[in-house]
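Trainee: Got a minute to walk through this one with me? I'd like to start with the strands.

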Amino acid sequence: MPITLSCAFATSDQSHEHARIAEQLGYRRAWFYDSPALYPDVWVQLCRAAERTTTIGLGTGVMVPSLRHPMVTAAAIGTLVSLAGEERVAVGIGSGFTGRLTMGQRPLKWSYVRSYVTALRALLRGEQVEWEGGIVEMMHPDGYAPRRPITVPIVIAAAGPKGIAAAHDLGDGVFGAPMPIAGFDWSVVLTFGTVLEDGEDPGAARVLAAAGHAAPVLFHYALENQQLGLLPNGEDWAAAYADVPANVRHLALHDRHLIAINDRDRPFVTGKLLADNDFALTRAGWRERAQVLESMGATEIAYQPAGPDISRELESFAAAVRG
């Protein structure tokens with residue numbers, strides 16, 4: 001069975017239009033990011049997309065539990081289901097890496113994520129749930145939310161053995177980035193980059209605008225895992241933020257995160273860095289990359305386009321991967 005092609009969006013005011021274009025191009029699903037410090041509200045934008053599309057799946061890729069009471073999330077899921085139908089809705093849930101780091105917080109403990117997912121599933125089944133010492137239940141009558149049970153799949157954005165274990169125990173699938181997580185019937189992998197035109201330089205302005213947003217993710221990961229020495233100019237990149245006070249450095253680090261290259265990152269984002277890390281590939285290169293991801297356990301590629309021409313990125317990526 002061919003690998004499923006979906007897309008992911010750094011949620012913007014135009015994400016509903018991008019989802020419509022993705023639907024026309026045959027993408028199976030559109031995942032919307034949940035980082036309130038960077039992007040508009042994920043549920044509002046998903047509902048806007050539901051009103052402008054008819055077949056493409058819609059989901060959070062991925063939501064952060066600490067940002068919303070599980071009842072708020074259950075009601076949001078109900079709202080999206082009422083617009084799109086159960087068969088089109090999926091919910092991705094994680095420990096809140098970017099969504100919490102942008103607020104100066106560490107990712108959640110997996111024990112909290114487990115409790116949250118368990119409570120959310122029970123609410124969607126129509127059960128009473130104890131949360132923070134209070135009993136809650138979806139009491140919505142007809143016309144205010146779909147009847148319970150509301151049955152939608154949940155994928156867990158896993159990181160490390162505890163996250164993978166939670167995905168096995170509680171999820172219908174797993175969401176990985178930047179590499180897929182093997183051992184699941186449904187394994188989504190988040191992918192960034194752009195398709196090079198014939199003979200195009202990976203360092204060209206168009207390529208940097210369309211794929212440059214991916215490179216800082218490498219530096220962020222290396223910084224969090226104390227591996228800056230493994231990246232070219234990694235220590236110099238970190239030094240570019242040394243003048244920012246520690247208590248607000250997370251704000252500077254995430255300036256235009258997964259949207260564009262910010263001014264501090266720009267000197268370190270090169271065509272070579274993009275090409276060496278598979279962010280700027282030819283059509284044949286992307287086909288090969290998709291095959292590699294599939295061989296590593298991916299069943300679904302979630303491609304996040306960026307730059308001034310999202311339509312071009314969606315179209316060229318789909319054409320490249322499908323051959």
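Mentor: One term before we start: two strands pair if DSSP finds at least two bridges between them. Keep in mind that this is a predicted model.

Trainee: OK. Which residue of β7 is the bridge partner of Val-91?

Mentor: Ile-154. Strand β4 (residues 89-93) and β7 run parallel, joined by three bridges.

Trainee: And how many bridges join β7 to β8?

Mentor: Three, and those two strands also run parallel. Strand β8 covers residues 173-176. Within that pairing, Ile-156 stands opposite Val-174 of β8.

Trainee: What about the faces of β7, covered or open?

Mentor: Both are covered. In a regular strand, side chains alternate between the two faces of the sheet. Here Ile-154 and Ile-156 lie on one side, Val-155 and Ala-157 on the other, and all are buried.

Trainee: Switching to helices. Where does α1 sit, and how many of its residues are buried?

Mentor: Helix α1 spans residues 15-24. Seven of its ten residues are buried, so the helix is largely enclosed by the rest of the structure.

Trainee: Which ones?

Mentor: Ser-15, His-16, His-18, Ala-19, Ile-21, Ala-22 and Glu-23.

Trainee: What do they pack against?

Mentor: Two strands, β1 (4-9) and β2 (29-32), and two helices, α2 (42-52) and α13 (310-322). Look just past the end of α1 too: Gly-26 has a positive phi of about 90° there.

Trainee: Now the core. How many residues are in the largest nonpolar one?

Mentor: It has 69. Tyr-27, Leu-58, Ile-77, Leu-314 and Phe-317 have the most contacts inside it. Helix α5 (residues 110-125) gives the most to this core, nine residues.

Trainee: Take Leu-58. What does it touch?

Mentor: Leaving out residues up to four places away in sequence, its contacts include Leu-46, Ala-49, Ala-50 and Thr-53. Leu-58 also touches Leu-80, Ala-84, Val-89 and Ala-90, among others. Two arginines are on the list as well, Arg-29 and Arg-88.

Trainee: What about a second core?

Mentor: There is a separate one of 39 residues. Trp-186, Val-188, Ala-222 and Leu-273 are among its members.

Trainee: Last topic, the surface. Which residues make the nonpolar patch of about 200 Å²?

Mentor: Met-179, Val-292 and Met-296. Val-292 belongs to helix α12 (residues 283-295).

Trainee: Why does Val-292 count as partly exposed?

Mentor: Because its relative accessibility is 32%. Partly exposed lies between the cut-offs: under 20% is buried, over 50% is exposed.

Key: Residues are numbered from 1 along each chain as its sequence is written. This is a predicted model: local features need pLDDT of at least 70, side-chain atom pairs count only at pLDDT 80 or more; totals for chains, interfaces and linings use all residues. Side-chain values use heavy atoms; hydrogens and water are left out. A nonpolar core is a set of buried Ala, Val, Leu, Ile, Met, Phe, Trp, Tyr and Cys residues joined through side-chain atoms within 4.5 Å. Buried means under 20% relative accessible area, exposed over 50%, partly exposed in between (1.4 Å probe, protein chains only). Helices (H or I, at least four residues) and strands (E, at least two) are DSSP runs, numbered from the N terminus. Contact means heavy atoms within 4.5 Å. Patches are made of residues with over 30% relative accessible area and no salt bridge: like charges are joined within 9 Å, nonpolar side chains (Val, Leu, Ile, Met, Phe, Trp, Tyr) within 5 Å. Accessible areas come from the Shrake-Rupley method with a 1.4 Å probe; for residues, only the protein chains shown count as cover. A salt bridge is a side-chain nitrogen of Lys or Arg within 4 Å of a carboxyl oxygen of Asp or Glu.
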